[in-house]
Amino acid sequence: MNKRKIVFFDIDGTIFNQQTHEISQKTKYAIKNLRKNGHLAYVASGRPKCLLTNSKDLLELDFDGAIASCGAYIEDFRNDKVIYSNPMSEETVAKIIDVVARAHVDCHLESQAKMFSAPFVSKEAQEKFEHFLGMLGGSMHFIEERVDEPIYKISVTCNPDSDIELFQRELGDILYIMDMGATTPGFNYIECVNKGTSKGTGIIQIAKYHDLEIDDTYAIGDSTNDLDMIVTAKYGIAMGNATQNVKDATQYHTTSVNEDGVYHALIEHKLIDEI
């Protein structure tokens, strides 16, 4: 057998079809066959752990571990071991709550167990986020309910009245700000973690943890928060439905999630057997 490799998979838009919220049979086969062939499979997601381990479909794929919250939390599922944890300081959390109120942006704060809405979140944003969480099997809590849960990531929705320059100016020195683009016209979605943290730094740490080289790493993704892992892995693979900045960042491309892009990528790189 060839030397063991490790593959990092984004979830939404890569494993899960974002329209049907299902995983295709070929994608399921590809990930299971990858592991059968002796390679490692890690999820690399913006989601916190609670929205990974509560998914029956993901659990059935039996991943070796996960990069959660865009690199701020990493766990080896096989050995139930936390590889890396980088929550925000309470000082940072307090500053975020102050800034988002003054910048008029809607903000949700994420621990590994719960999701919290910041004060002053608009009714529209709250309803949209609760609907999204409901589809993932999660639920929303008010920030006043938080007791000792460390915050790893924030998700921000900007509307036409938001002062995004104020937000970036006051938080840009301490947070890595990933602009995910417009979800609907006039409304931009942003994800933030501690500066120096990303899915890319997660790949480096996991490769070292498993005594593998960067040359042994593959990453498959479709959106802006996948950029760091796409350029960090030896083989960064853009889905056919990826945003243009992800496609431009790599020479390796596959078909869309609707066309079993994960399966075709792993076949192309000779990591799995054809069905």
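# Close-up views of a predicted model

**Figure 1. Ser89 in its loop.** Ser89 is found in the loop between β5 (81-85) and α4 (90-103). The model shown here and in the other views is predicted. Ser89 is partly exposed, and its relative accessible area is 36%. Asp226 serves as a distant reference point for Ser89: the two residues are 137 positions apart in sequence. In space, 25 Å separates the C-alpha atom of Ser89 from that of Asp226.

**Figure 2. The whole chain, for orientation.** The chain contains 10 helices and 14 strands. Its radius of gyration is 18 Å, close to the 19 Å that the globule rule gives for 275 residues, so the chain is as compact as a globular protein of that length. The C-alpha trace spans about 55 × 35 × 30 Å along its principal axes. Of the 275 residues, 53% are buried. Among contacts with a separation of 6 or more, 60% join residues 24 or more positions apart. The exposed area of the chain is about 12500 Å². Carbon and sulfur atoms supply 49% of that area.

**Figure 3. Charges across the chain.** The chain carries 27 positive and 42 negative charges. The mean positions of these two sets are 6 Å apart. Side chains of opposite charge can pair when their charged atoms come close. The structure holds 16 salt bridges. Several of them appear in the views that follow.

**Figure 4. Asp216 and Lys3.** The side chains of Lys3 and Asp216 form a salt bridge, with an N to O distance of 3.0 Å. Lys3 lies in the segment before β1 (6-9), and Asp216 in the loop between α7 (199-209) and β12 (217-221), so the pair ties together parts that are 213 residues apart in sequence. How accessible are the two partners? Lys3 is partly exposed, at a relative accessible area of 46%. Asp216 counts as buried, at 3% relative accessibility.

**Figure 5. Asp216 and Lys5.** Asp216 also meets the side chain of Lys5 in a salt bridge, at 3.3 Å from N to O. Lys5 lies in the segment before β1 and Asp216 in the loop between α7 and β12, so this pair ties together parts that are 211 residues apart in sequence. Both Asp216 and Lys5 are buried.

**Figure 6. A salt bridge between strands β11 and β9.** Glu191 and Lys153 form a salt bridge, and their closest N and O atoms are 2.9 Å apart. Glu191 sits in strand β11 (residues 187-194) and Lys153 in strand β9 (residues 153-158). The pair links distant parts of the chain, 38 residues apart. Glu191 is buried, at 5% relative accessibility. Lys153 is buried too, with a relative accessible area of 2%.

**Figure 7. A salt-bridge network around Asp62.** Salt bridges link Arg35, Asp62, Asp64 and Arg78 in a network. Asp62 is found in the loop between α3 (56-61) and β3 (65-68). Asp62 is partly exposed, with a relative accessible area of 36%. Its backbone also stands out: phi of Asp62 is near 55°, a positive value in a residue other than glycine.

**Figure 8. Positive phi at Asp211.** Asp211 is not a glycine, yet its phi is positive, at about 55°. Where does Asp211 lie? Asp211 is in the loop between α7 and β12. At 67% relative accessibility, Asp211 counts as exposed.

Notes:
Residues are numbered from 1 along each chain as its sequence is written. This is a predicted model: local features need pLDDT of at least 70, side-chain atom pairs count only at pLDDT 80 or more; totals for chains, interfaces and linings use all residues. Side-chain values use heavy atoms; hydrogens and water are left out. Helices (H or I, at least four residues) and strands (E, at least two) are DSSP runs, numbered from the N terminus. The radius of gyration is taken over C-alpha atoms; the globule rule is 2.2 Å times the number of residues to the power 0.38. Buried means under 20% relative accessible area, exposed over 50%, partly exposed in between (1.4 Å probe, protein chains only). Contact means heavy atoms within 4.5 Å. Accessible areas come from the Shrake-Rupley method with a 1.4 Å probe; for residues, only the protein chains shown count as cover. Lys and Arg count as positive and Asp and Glu as negative; His and the chain ends are not counted. The place of a charge is taken as NZ of Lys, CZ of Arg, CG of Asp or CD of Glu. A salt bridge is a side-chain nitrogen of Lys or Arg within 4 Å of a carboxyl oxygen of Asp or Glu.
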